[in-house]
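Okay, everyone, thanks for coming. I'd like to walk you through one model today, so let me put it on the screen.

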Amino acid sequence: MSEQITRWIEGSVASNTHWTPNLFSLRIAADVAPFKAGQYTALALDIAGERVAEPYSILSSPGTSPLEFFFHTPIDGQLSSALGRLKEGDRVWVQQTPEGRFTLDQVPDGQDLWLLATGTGVSPFLSLLRTPQPWERFGNIVLVYAVRHWHDIAYHALIEQLRSRHGERFTFIPFVSREKVESTVHGHIPASISSGTLERVAGRSFAPERSRFMLCGNPGMVQDALAALQQRGFVRSVEGRTGHITLEAYW
Ligand SMILES: Cc1cc2nc3c(=O)[nH]c(=O)nc-3n(C[C@H](O)[C@H](O)[C@H](O)COP(=O)(O)OP(=O)(O)OC[C@H]3O[C@@H](n4cnc5c(N)ncnc54)[C@H](O)[C@@H]3O)c2cc1C
């Protein structure tokens, strides 16, 4: 997060949906400044007299209300556990101005947009996919959503809506690493890039002139997928230089 002084506003919890014992989504009514799909804002609670804050990607799309966020509660995760106990009407601090550079502005034009996520790293992509911009700028979009167990996949209904709205232009590929499930890829994203499995399952091959990648979530996946893509000749976008790969690591 940036060093700027955070301006906190009070948000009100509109709903708390628990998907599994350690996955939940909050909808929060809060008057935040305009944001772009892919950005995050900080949420905070006052715990034992101290304001505890962490950044969270916004899953809802710009211009819609309330804001929506999708959380994983790591064992003993202080803030996420406390957020998970919030009920409708409870108050939560929200950073008034969302921020972050994990947006489509950082991605040059191309033909195929590959969105690679682990767990809650799918949030910025679910925000982005409900805006017109990626569909105006790319011919095909592949969403890869990697989890340990099948029940960890959330937002099935939203993904189905995207499928029916965009037809063959949208490919959804769930990865499940700890159990074998029909119609999913058993394994991890980086290995599937190196082995060619991801291209085979998607029915599209990677090529620097047409493929663009956004990676989000577990830093192990992000780093290893970056390395696997670099091996294939792709270049990361860094400040002042636009490449094929844009990324956001969550810890
Ligand atoms: C830009 C950005 C956006 C983020 N967006 C989200 C989001 O949309 N949803 C979300 O749940 N988290 C998100 N995070 C992570 C979040 O900010 C916190 O780190 C997380 O909620 C853990 O905080 P805690 O106080 O509960 O636990 P801590 O005690 O601070 O963390 C415990 C450990 O949990 C693990 N961990 C952290 N986040 C996750 C996660 N998402 N999934 C699995 N394990 C994790 C790490 O190993 C971490 O060291 C984001 C982080 C960044 C930098």
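I'll go from the overall picture to the two sheets, and then to one residue in a loop.

First, keep in mind that this is a predicted model. Counting up the secondary structure, we get 7 helices and 12 strands. How does the radius of gyration sit against that of a compact globule? Well, for 251 residues a compact globule would have a value near 18 Å, and the protein has 18 Å, so the two agree. The C-alpha trace spans about 50 × 40 × 35 Å along its principal axes. Of the 251 residues, 54% count as buried. And if you take contacts with a separation of 6 or more, 71% of them come from residues 24 or more positions apart. On the outside, the protein exposes about 11,900 Å², with carbon and sulfur atoms supplying 48% of that.

Now, the antiparallel sheet. It's open, it has 6 strands, and the order is β4-β3-β6-β1-β2-β5. At the edges you find β4, residues 50-57, and β5, residues 67-72; each has a single partner strand, so one side of each is left without a neighbour in the sheet. On average, neighbouring strands here are turned by 40 degrees against each other, ignoring direction. Look at β1, residues 8-20, alongside β6, residues 91-95: they pair in the antiparallel sense over 5 bridges. If you want a spot to click on, G11 stands opposite V92 in β6.

On to the other sheet. This one is open too, again with 6 strands, but the pairing is parallel, and the order reads β10-β9-β8-β7-β11-β12. Its edge strands are β10, at 185-186, and β12, at 245-249, each pairing on one side only. β10 pairs with β9, residues 170-176, in the parallel sense over 2 bridges, and V176 has H186 in β10 as its bridge partner. Packing on this sheet is helix α4, residues 156-166, which touches β8 and β9 and makes about 150 degrees with the direction of β9. Then there's helix α7, residues 219-231, lying across β7, β11 and β12 and running at about 160 degrees to β11.

Last stop: T120, in the loop between β7 and α2. Is T120 buried or exposed? With a relative accessible area of 11%, it's under the 20% cut-off, so T120 counts as buried. And what does T120 touch, leaving aside neighbours within four places in sequence? The contacts are L23, F70, F71, H72 and Y250.

That's the tour, so over to you.

Terms used:
Residues are numbered from 1 along each chain as its sequence is written. This is a predicted model: local features need pLDDT of at least 70, side-chain atom pairs count only at pLDDT 80 or more; totals for chains, interfaces and linings use all residues. Side-chain values use heavy atoms; hydrogens and water are left out. Two strands pair if DSSP finds at least two bridges between them. Helices (H or I, at least four residues) and strands (E, at least two) are DSSP runs, numbered from the N terminus. Axes are lines fitted to C-alpha atoms, for helices over the stretch in contact, and angles run from 0 to 180 degrees between N-to-C directions. The radius of gyration is taken over C-alpha atoms; the globule rule is 2.2 Å times the number of residues to the power 0.38. Buried means under 20% relative accessible area, exposed over 50%, partly exposed in between (1.4 Å probe, protein chains only). Contact means heavy atoms within 4.5 Å. Accessible areas come from the Shrake-Rupley method with a 1.4 Å probe; for residues, only the protein chains shown count as cover.
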